[in-house]
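Student: I'd like to learn how to read a fold from its model. Can we walk through one together?
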Amino acid sequence: MGAVLGRITVSGEYRLSPAAEVVGDEGAETAVAVLLQAVDATDGAATGLIAARGPVILADAALVFDASVDLPAEIAAKRSQLAAQGLVARATV
């Protein structure tokens, strides 16, 4: 839960939003949604509930970023991308 997701342009599927473009998953580098329930996608695509537009206030501490998003500037960029969708992260909710 709380996974920051990007949307793959070609398929329309969501995946963890990486820090930079990934070949084959173009578009996912822009954070556009947050996963709201636990989903096991280890064996492939899975269905889950997401917040894709707001206004929604999110607990900042609950956000889970892709492993490639590890610098403060990258995390700030993801938060900004989510805010553009109306998904606003706050320190306390």
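Student: Let's begin with the sheet. In what order do the 4 strands of the open sheet come?

Tutor: The general idea first: strands of a sheet pair through backbone hydrogen bonds, either parallel or antiparallel. Here, in this predicted model, the order is E2-E1-E3-E4, with antiparallel pairing. E2 and E4 (50-51) stand at the edges with a single partner strand each, so one side of each has no neighbour in the sheet.

Student: How many bridges hold each pair together?

Tutor: Go pair by pair. E1 (residues 4-7) and E3 (residues 31-35) are joined by 3 bridges. E1 also pairs with E2 (residues 14-16), again over 3 bridges. Between E3 and E4 there are 2 bridges.

Student: Which residues are the bridge partners of Gly6?

Tutor: Gly6 is a nice one to click on. Its bridge partner in E3 is Ala31, and its bridge partner in E2 is Arg15. For the E3 and E4 pair, look at Val34, which stands opposite Ala51 in E4.

Student: What links E1 to E2?

Tutor: For a hairpin, look at the turn and its backbone angles. E1 and E2 form one with 6 residues between them, and Gly12 in the turn has a positive phi of about 80°.

Student: Zooming out, what pattern do the elements follow along the sequence?

Tutor: Read along the chain, you get β-β-β-β-β-α-β. That's 1 helix and 6 strands. The radius of gyration is 12 Å, close to the 12 Å that the globule rule gives for 93 residues, so the protein is as compact as a globular protein of that length. If you prefer a box, the C-alpha trace spans about 35 × 25 × 20 Å along its principal axes.

Student: What does the sequence separation of the contacts look like?

Tutor: Take the contacts between residues at least 6 apart in sequence: 57% of them join residues at least 24 apart. Gly86 makes a handy example. Gly86 sits in the loop between H1 (72-84) and E6 (87-90). Gly86 and Arg53 are 33 residues apart in sequence, yet their C-alpha atoms are 5.5 Å apart in space. Beyond its neighbours within four places in sequence, Gly86 is in contact with Gly54, Pro55 and Val56.

Student: Now the inside. Which residues make up the largest nonpolar core?

Tutor: To read a core, look for buried nonpolar residues and ask which elements they come from. This one has 11 residues: Val4, Ala31, Val34, Ala51, Leu58, Leu63, Phe65, Val69, Ile75, Leu82 and Leu87. E3 and H1 each supply at least two residues of this core. Another core, of 5 residues, lies apart from it, and includes Ala3, Val32, Ala33 and Leu35.

Student: What share of the residues is buried, and what about the surface?

Tutor: Buried residues account for 27% of the 93. The accessible surface comes to about 5600 Å², and carbon and sulfur atoms contribute 57% of that.

Student: One last check: which elements have the lowest and the highest mean pLDDT?

Tutor: Start with the whole chain, then go element by element. The protein has a mean pLDDT of 94, and 99% of its residues reach 70 or more. Among the elements, E5 (residues 56-59) has the lowest mean, 94, and E3 the highest, 98.

Notes. Residues numbered from 1 in each chain as written. Predicted model: local features only at pLDDT ≥ 70, side-chain atom pairs only at ≥ 80, totals over all residues. Heavy atoms only, no water. Pairing = 2+ DSSP bridges. pLDDT = per-residue confidence, 0-100. Rg over C-alpha atoms; globule rule 2.2 N^0.38 Å. Buried < 20%, exposed > 50% of the residue type's maximum accessible area, 1.4 Å probe, protein only. Contact = heavy atoms within 4.5 Å. Areas by Shrake-Rupley, 256 points an atom, 1.4 Å probe, with all protein chains shown as cover. Core = buried A, V, L, I, M, F, W, Y, C linked by side-chain atoms within 4.5 Å.
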